Amino acid sequence: MAVHTKRFPSEEEYETWLQIAGSRIRVLTVRSVEAGPTRSGLRGSQHQVIITYRATDKDLSPRRARMLVLVEAIVIVAALVVVGAYLMHQTIAPPEAPMKLESH
């Protein structure tokens, strides 16, 4: 099982998510941090909750960013193109020089 990290904007949202997740997860750590300043410059009294957990259900693992998936696909395709080009270069024999006829 992979270890995942999830951030919740409030303790209430964490509690709601935990009730839904039920026994499908195993919480390893829970941290509560004070939320940063808001746009108006006033500090909120709300605390963010950051948890580290293991999930037995794939639905509870965090979604990977679309850009990350795209970058991984590009790297794999580029590697396959390089390997293919190398193999083609190795298997194609260089053209032989035309035979010269000797004149008498």
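Start by selecting helix α2, residues 66-91 (helices here are DSSP runs of H or I with at least four residues, strands are runs of E with at least two, both numbered from the N terminus). At 1.5 Å a residue, its 26 residues should span 38 Å (the expected span being 1.5 Å times one less than the number of residues). The end C-alpha atoms sit 38 Å apart, which agrees. Now colour α2 by burial (buried means under 20% relative accessible area, exposed over 50%, partly exposed in between, with a 1.4 Å probe and protein chains only). The count of buried residues in α2 is 0, so the helix is hardly covered.

A word on what you're looking at: this is a predicted model, where local features need pLDDT of at least 70, side-chain atom pairs count only at pLDDT 80 or more, and totals for chains, interfaces and linings use all residues. Residues are numbered from 1 along each chain as its sequence is written, and side-chain values use heavy atoms, with hydrogens and water left out.

Next, the sheet. Select β1 (3-8) and β2 (25-34), then add β3 (residues 47-55). You get an open sheet of 3 strands in the order β1-β3-β2, with antiparallel pairing (two strands pair if DSSP finds at least two bridges between them). β1 and β2 stand at the edges with a single partner strand each, so one side of each has no neighbour in the sheet. Neighbouring strands are turned by 20° against each other on average, direction ignored (axes are lines fitted to C-alpha atoms, for helices over the stretch in contact; angles run from 0 to 180 degrees between N-to-C directions).

Zoom in on the pairings. β2 and β3 are joined over 9 bridges; show Val 33 with its bridge partner Gln 48, then Ser 32 opposite Val 49. On the other side, β1 and β3 pair over 6 bridges, and Thr 5 stands opposite Thr 52.

Now bring in helix α1, residues 11-21. It packs on the sheet, touching β1, β2 and β3 (contact means heavy atoms within 4.5 Å), and its direction makes about 175° with that of β2.

Which residues of α1 are buried? Pick Tyr 14, Trp 17 and Ala 21. Look down the helix axis: they fall within an arc of 70° (taken from the directions from the axis to the C-beta atoms), so they line one face. Their cover includes β1, β2 and β3. Flip to the face turned away and you'll find the exposed residues Glu 12, Gln 19 and Ile 20.

Last stop: Gly 22, which follows α1 and has a positive phi, near 60°.
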